[in-house]
Amino acid sequence: VRVRTTSTTSVPSGEFTKVPFDGSIFVDTDAYTFDSANHEITVEIPGDYKIESDVLWDSDSGWSQGDETRVAIYVNGANEYQVNNPKGNTARESKSAGATFDLSAGDTVHVEAFQFSGSLQAIFDSSSTKLELTRQ
């Protein structure tokens, strides 16, 4: 399954914000349920899943080189894995996280983004901001 964002999302400095995945690129309805209102995927078939997410931060003069960004993978509402990525500059920049999880039927997955720049920043609406689950 692969889902993406369809609108720009503001992320306050110092807060985790759920990434609003609301557009499906591909969904195998036998293996997954995609809830666009809650921005999460429910696994229907247990197994090992590779979960990957990319978050495309928009360009903004409020960014400074080294500002903190994080991409966090949540399973059943708990932060199970996150990657801290310092910002390279003020330009548009993608940050990623990925790991393999043993998931049960009914488990839910969503992604949250974090930034610490001292100002409000935006996640760019693009097929580049995505969440993908692949059964291994």
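## The loop that holds Ser-117

In this predicted model, Ser-117 is placed in the loop that runs between strand E11 (108–116) and strand E12 (121–123). Although Ser-117 belongs to a loop, the residue is buried, because its relative accessible area of 17% falls under the 20% cut-off.

The side chain of Ser-117 makes a polar contact, at 3.3 Å, with the side chain of Gln-121. When neighbours within four places in sequence are set aside, Ser-117 is in contact with Ser-13, Gly-62, Trp-63 and Asp-67, and one of these, Trp-63, also takes part in the ring arrangements described next.

## Aromatic pairs

The count of aromatic pairs in the model comes to three. In one of them, the rings of Tyr-32 and Tyr-49 have centres 5.9 Å apart and planes at 70°, and because an angle over 60 degrees counts as edge-to-face, the pair is assigned to that class. Tyr-32 lies in strand E5 (residues 32–35) and Tyr-49 in strand E7 (residues 47–57), so the pair ties together parts that are 17 residues apart in sequence. Both partners are buried, Tyr-32 with a relative accessible area of 5% and Tyr-49 with a relative accessible area of 0%.

Another edge-to-face pair is formed by Trp-57 and Trp-63, whose ring centres are 5.5 Å apart and whose planes stand at 80°. Trp-57 is buried with a relative accessible area of 0%, and Trp-63 is likewise buried, with a value of 2%.

## Charges over rings

Trp-63 has a further partner in Lys-87, whose charged end sits over the Trp-63 ring, 5.1 Å from its centre. Trp-63 is thus paired with Trp-57, lies under the charged end of Lys-87 and is in contact with Ser-117 of the loop.

A second arrangement of this kind involves Arg-92, whose charged end sits over the ring of Phe-124 at 3.7 Å from the ring centre.

## The largest nonpolar core

The largest nonpolar core has 28 residues, and those with the most contacts inside it are Ile-41, Ile-51, Leu-103, Val-109, Leu-131 and Leu-133. At least two residues of this core are supplied by each of E5, strand E6 (40–43), E7, strand E8 (68–75), strand E10 (93–103), E11 and strand E13 (130–135).

Ile-41 illustrates how these parts meet: not counting residues up to four places away in sequence, Ile-41 touches Val-1, Val-3, Tyr-32, Thr-33, Phe-34, Asp-107, Thr-108, Val-109, Leu-131 and Leu-133. Among these, Tyr-32 is the residue whose ring pairs with that of Tyr-49, while Val-109, Leu-131 and Leu-133 are named with Ile-41 among the core residues with the most contacts.

Notes
Residues are numbered from 1 along each chain as its sequence is written. Side-chain values use heavy atoms; hydrogens and water are left out. Rings of Phe, Tyr and Trp (its six-membered ring) pair if their centres lie within 6.5 Å; planes under 30 degrees apart count as stacked, over 60 as edge-to-face and the rest as tilted. Helices (H or I, at least four residues) and strands (E, at least two) are DSSP runs, numbered from the N terminus. Buried means under 20% relative accessible area, exposed over 50%, partly exposed in between (1.4 Å probe, protein chains only). A charge sits over a ring if NZ of Lys or CZ of Arg is within 6 Å of the ring centre and within 35 degrees of the ring normal. A polar contact is a pair of N or O atoms within 3.5 Å; within protein, one must be able to donate a hydrogen and the other to accept it, and residues adjacent in sequence count only if both atoms are side-chain atoms. Contact means heavy atoms within 4.5 Å. A nonpolar core is a set of buried Ala, Val, Leu, Ile, Met, Phe, Trp, Tyr and Cys residues joined through side-chain atoms within 4.5 Å.
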